[in-house]
Amino acid sequence: MSEPAIEQQTEPVEVRSVGTDLRRVDGVEKVTGRASYAVEHGSADGVADPLHLWLVTSTVAKGRVVDVDASAALSHDGVVSVLDHTNAPRLDDTSNGELAILQDGAVGLRGQIVALVLAETPEAAREGAALVRVRYDAAPFEAELREDNATYRPDTVNPAKETDTDEGDVDAALAESEVVVDATYTTPYEHNNPLEPHATLAWWEDVDGRAVLSMFDSTQGVHGVVKALAPMFGLEPDQVRVRAPYVGGGFGSKGEAHAHVVAAALAARTTEGRPVKVAVTRQQMFSLTGYRTATISHVRLGARPDGTLTAIEHAVQEQTSVVREFAEQTAAPTRMMYAAPNRRTSHRLARLDVAVPSWMRAPGEMPGMYAQEAAMDELAVAAGVDPVELRVRNEPEVDPETGKPFNRRRLVECLRRGAERFGWGDRPAEPRATTDGDWWVGTGVAAATYPAMRSPGNAARVRSLDGGRYAVAIGSVDIGTGARTVLTQIAADALGVAPEAITLEIADSTLPPASVAGGSSGTSSWGTAIVAAAQRFHADHGDDPDPGLETTASAAPNPAARKYAFHSFGAVFCEARVHRWTGEVRVPRMLGVYSVGRVVNPTTARSQLLGGLVMGLSAALFEESYRDPRFGHVVTQDLATYHVASHADVRGIEAEWLEESDETFTPVGSRGIGEIGIVGTAAAVANAAFHATGVRVRGLPLTADHFSG
């Protein structure tokens with residue numbers, strides 16, 4: 001592993017490359033097909049003659065495996081072996097119920113891995129898996145989220161936030177409020193579907209008498225995979241090496257190791273050094289690789305006649321798994337978004353015999369802000385106040401949750417700028433007031449927010465090369481967002497050279513540690529570590545160093561975090577058209593305006609914001625996973641039945657940002673942009689659909705049946 005890093009307090013950087021449209025530094029490799037993804041690595045990477053792994057998954061939701069008959073599979077041409085709980089290698093640590101596969105016959109969810117088939121070809125592995133016969137002793141189970149079973153209170157919600165908050169007297173304030181909104185909003189199960197499926201290539205080797213596990217993995221954090229796997233296999237962290245040079249998207253689902261990664265490592269333990277590769281099928285991803293829990297949000301708002309809030313309550317019910325707990329922080333943004341003297345939030349879970357939920361782009365904020373912003377639209381209608389003006393009237397002077405002043409809170413500017421650009425002033429106040437042929441036409445708005453986060457424990461290494469060049473290394477992962485490019489720009493400015501003088505090495509767990517690519521924290525966390533290493537390098541070796549000098553440093557904690565509340569903000573405006581006879585909803589115009597600190601690379605930033613808006617549009621209109629409570633599995637487990645927005649659905653869509661730089665948060669002034677684009681977007685669509693039709697739909701997605709008839 002990397003050497004200990006020196007802690008370095010970072011200073012602001014003079015930007016030259018930061019803020020410019022540098023082309024993606026890995027663009028040529030990607031468009032020419034030379035970029036190798038997890039299971040594409042071959043002999044050039046030390047991977048030769050791999051075996052192919054196919055997963056056999058359970059067909060019952062709870063019970064025990066009584067027998068695994070692998071005789072037919074083992075007789076099939078090309079099949080090498082079949083592993084199940086009776087012959088798989090033993091794990092040292094089985095505390096993670098999601099990852100501790102094939103250690104006993106217990107079945108905790110439908111789709112759980114119950115056997116592994118290894119073969120010479122993927123075709124033989126798949127055929128062999130189909131020939132494995134598994135007998136079960138099935139047990140009663142529960143797989144349906146309902147209001148009456150979501151009663152369990154977790155200790156914390158992700159990431160280590162308080163489950164409940166309560167300030168003032170909400171019930172009394174609601175009783176005295178002249179205007180009250182009391183409604184329930186629901187969001188469905190949603191599944192991350194990155195273009196590259198979850199995939200792993202693993203092998204074991206003996207290095208100086210020690211067993212070493214090596215992997216190419218499609219992950220958002222190589223160091224996180226090491227942390228998860230090392231104790232399970234009784235290894236020290238330096239006995240596990242994970243690389244992820246190219247990753248085809250993740251949306252949060254690759255933010256932690258899943259069971260297929262353990263499956264690859266277990267299988268490779270039995271192959272006498274031959275590598276093992278596994279690619280999770282699209283169907284298997286719906287049970288093995290995470291998803292967004294469905295949510296039930298009970299929202300109560302109390303206000304004066306002018307729309308000024310006096311009370312806010314957001315009570316969330318959602319789902320976790322008996323196998324391993326995951327509690328999403330759905331009500332968290334309600335705690336800080338608007339001013340009100342009386343506020344209460346809570347989270348309750350149903351512990352079900354189903355797959356473990358996980359991160360999906362803006363976990364918590366996406367469904368939570370949908371509920372809150374839809375409720376704010378209802379409040380605007382009830383109070384007779386313009387929806388933009390309502391939000392302006394409820395601007396807090398300080399963060400309502402912590403009492404700290406906001407470092408930057410430019411939501412009002414985002415709202416004003418967006419309203420001007422969108423032509424909001426021409427909007428009729430009453431719903432169902434505008435038609436265009438057979439289409440009802442309406443517009444809606446919603447606010448967006450996302451916390452600005454810098455993860456601890458990041459470090460970077462700077463080494464001087466010939467000709468004024470530098471090698472910069474950090475174990476971060478680029479999941480397609482453009483991290484390689486923006487980190488190159490940050491390194492160039494921190495070292496005072498052109499981007500062409502930087503050789504950047506990332507995505508290897510032998511490099512200095514880096515946090516997961518998630519929480520919109522990557523650029524802020526990794527970039528600050530790179531700046532710290534660059535500034536320390538210059539302090540140690542000067543501005544004109546000899547080749548071969550090296551410094552590793554980590555960024556000291558930001559002292560301003562004790563003083564300020566750091567958040568980004570935005571406003572999403574939407575036009576919806578609803579067909580008066582069929583109920584079909586179309587969105588011809590969408591605009592997002594954001595305050596996100598300094599934008600490091602406008603091209604990649606715009607791509608991220610537009611991608612978030614498209615994903616929010618998709619959630620508003622299409623995305624819904626359906627779990628059959630009779631059998632415990634997701635029925636809509638492919639992209640034919642799990643609908644996402646296509647090119648034809650994405651019409652006029654724009655994103656822009658306010659010019660600013662937040663050096664109080666990071667030395668280059670950035671805050672993070674990966675997730676805020678999806679936040680509030682579904683609410684803006686729903687609010688626009690109400691304005692078009694006068695029909696209030698309080699559950700996503702906004703399918704045609706809600707508006708027809």
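The second largest cavity of this predicted model is lined by His 198, Asp 217, Ser 218, Thr 219, Val 225, Lys 254, Glu 256, Ala 257, His 258, His 260 and Val 261. About 40 Å³ of space lies inside that cavity. A search of the whole structure turns up three cavities of 30 Å³ or more, and helix H11 makes a good companion topic.

**Second largest cavity**
- Sorted by class, the lining of the second largest cavity has five polar, three charged and three nonpolar residues.
- The histidines in this lining are His 198, His 258 and His 260.

**Largest cavity**
- The largest cavity has a volume of about 60 Å³.
- Its lining is made up of Arg 110, Phe 286, Ser 287, Tyr 291, Val 354, Ala 355, Arg 627, Gly 632, His 633 and Val 634.
- Helix H7 (285-288) and strand S28 (633-634) are the elements that give two or more residues to this lining.
- By class, you will find five nonpolar, three polar and two charged residues around the largest cavity.

**Helix H11**
- How far apart are the end C-alpha atoms of helix H11 (residues 483-495)? They are 18 Å apart, which agrees with the 18 Å that its 13 residues should span at 1.5 Å a residue.
- Buried here means under 20% relative accessible area. By that cut-off 13 of the 13 residues of H11 are buried, so the helix is largely enclosed by the rest of the structure.
- Just after H11 comes Gly 496, and its phi is positive, near 75°.

Key. Residues numbered from 1 in each chain as written. Predicted model: local features only at pLDDT ≥ 70, side-chain atom pairs only at ≥ 80, totals over all residues. Heavy atoms only, no water. 1 Å grid on protein atoms, 1.4 Å probe; cavity = no way out; pocket = protein on both sides within 12 Å on 5 of 7 lines; lining within 4 Å. Points joined across faces, edges and corners; volume = space filled by probe spheres on them. Helix = DSSP H or I, 4+ residues; strand = E, 2+ residues; numbered from the N terminus. Nonpolar A, V, L, I, M, F, W, Y, C, P; charged D, E, K, R; others polar. Expected span 1.5 Å × (residues − 1). Buried < 20%, exposed > 50% of the residue type's maximum accessible area, 1.4 Å probe, protein only.
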